[in-house]
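What follows is a walk through one protein chain and the molecule bound to it. Please keep the sequence and the model in view while reading.

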Amino acid sequence: MSTIFDKIISREIPAEIVYEDDLSLAFKDINPQAPVHLLIIPKQHIATINDITEEDREIVGHLYWVAAKIAAQYDFAKDGYRVVMNCNEDGGQSVYHIHLHLLAGITMGWPPFANNRPKQV
Ligand code: 5GP
């Protein structure tokens with residue numbers, strides 16, 4: 001299923017792209033949650049973490065390599081940053097094309113669910 005990120009890959013809709021290679025694209029999040037908030041996506045469509053296959057291991061690892069490369073390039077590697085991939089409703093996923101959130105420029109809190117009650121399971 002096509003998502004807004006496919007339209008960013010094909011340049012049908014604009015985004016502030018900061019990195020691109022054959023396998024991936026990185027661009028600024030439209031609603032930033034930190035001074036630096038980038039999204040790193042594979043060009044190949046994979047809807048959620050649950051859909052990652054054995055053949056996809058290289059591309060998923062590649063996304064982390066891109067995160068480290070950007071962190072070094074933008075000089076926040078040493079200070080630190082957070083890389084997050086949300087999965088489905090409880091994970092907070094809203095766009096069903098896997099993406100790493102790369103957040104930096106602020107000291108992060110932990111845990112990320114501090115203000116929410118656990119659901120009944
Ligand atoms: P998720 O909630 O799926 O983990 O993250 C989706 C992210 O995509 C959100 O942080 C949201 O702000 C971002 N986003 C949604 N639509 C667009 C868009 O059209 N352009 C950009 N640059 N980011 C988007």
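The side chain of Gln-93 is a good place to start: it reaches the backbone nitrogen of Asn-88 at 2.8 Å. The model is a predicted one, and the distances and areas given here are computed from it. Gln-93 itself sits in the loop that runs between helix H3 (88-91) and strand E5 (100-104). Is this residue buried or exposed? Gln-93 has a relative accessible area of 7%, and because the limit for a buried residue is under 20%, Gln-93 counts as buried. Setting aside residues up to four places away in sequence, Gln-93 touches Ala-47, Thr-48, Asn-86, Cys-87 and Asn-88.

The loop between H3 and E5 also holds Tyr-96. A polar atom of the side chain of Tyr-96 lies 3.4 Å from the backbone oxygen of Gln-93. Unlike the limit for a buried residue, the limit for an exposed one is over 50%, with partly exposed in between; Tyr-96, with a relative accessible area of 30%, is partly exposed. Its contacts, leaving aside neighbours within four places in sequence, are with Thr-3, His-45, Ile-46, Ala-47, Thr-48, Asn-88 and Glu-89. For one of these residues, His-45, there is also a backbone distance: the C-alpha atoms of Tyr-96 and His-45 are 9.0 Å apart in space, while the two residues are 51 residues apart in sequence.

Next comes the ligand. Which residues are closest to it? The ligand is surrounded by 17 residues, and the closest are Lys-28, Asp-29, Asn-86, Ser-94 and His-101. Asn-86 has already appeared, as one of the residues that Gln-93 touches. A polar side-chain atom of Asn-86 lies 2.8 Å from an oxygen atom of the ligand. Asp-29 likewise places a polar side-chain atom 2.5 Å from a ligand oxygen atom. In the case of Gly-92, a backbone N or O atom lies 2.9 Å from an oxygen atom of the ligand. The ligand taken alone exposes 520 Å², of which the protein buries 84%. The space that the ligand takes up is the largest pocket. Helix H1 (4-9) and strand E2 (24-28) are the elements that give two or more residues to the shell around the ligand. H1 provides the largest share of that shell, three residues.

From H1 the chain can be followed into the loop between H1 and strand E1 (17-20), where Ser-10 is placed. Arg-11 has its place in that loop too, as does Glu-12. The side chains of Ser-10 and Glu-12 are joined by a polar contact of 2.8 Å. Ser-10 is partly exposed, at 41% relative accessibility, whereas Glu-12 is exposed, with a relative accessible area of 57%. Ser-10 can also be set against a residue far along the chain: Ser-10 and His-99 are 89 residues apart in sequence, and their C-alpha atoms are 16 Å apart in space. Arg-11 counts as partly exposed, at 45% relative accessibility. The backbone of Arg-11 deserves a look, with a phi near 65°, a positive value in a residue other than glycine.

Where else does a residue that is not a glycine have a positive phi? Asp-75 has one of about 70°. Asp-75 lies in the loop between helix H2 (57-73) and strand E4 (81-84). At 66% relative accessibility, Asp-75 counts as exposed.

The last stop is the segment after E5, where Trp-110 is found. Pro-111 has its place in this segment as well. The peptide bond that leads from Trp-110 to Pro-111 is cis, with omega near 5°. Trp-110 is exposed, with a relative accessible area of 66%. The C-alpha atom of Trp-110 is separated by 22 Å from that of Ile-40, which is 70 residues away along the chain.

Definitions and conventions:
Residues numbered from 1 in each chain as written. Predicted model: local features only at pLDDT ≥ 70, side-chain atom pairs only at ≥ 80, totals over all residues. Heavy atoms only, no water. Helix = DSSP H or I, 4+ residues; strand = E, 2+ residues; numbered from the N terminus. Buried < 20%, exposed > 50% of the residue type's maximum accessible area, 1.4 Å probe, protein only. Polar contact = N/O pair within 3.5 Å; in protein donor to acceptor, adjacent residues only side chain to side chain. Contact = heavy atoms within 4.5 Å. Near = heavy atom within 4 Å. Areas by Shrake-Rupley, 256 points an atom, 1.4 Å probe, with all protein chains shown as cover. 1 Å grid on protein atoms, 1.4 Å probe; cavity = no way out; pocket = protein on both sides within 12 Å on 5 of 7 lines; lining within 4 Å. Sits in = over half its atoms within 2 Å of the grid points.
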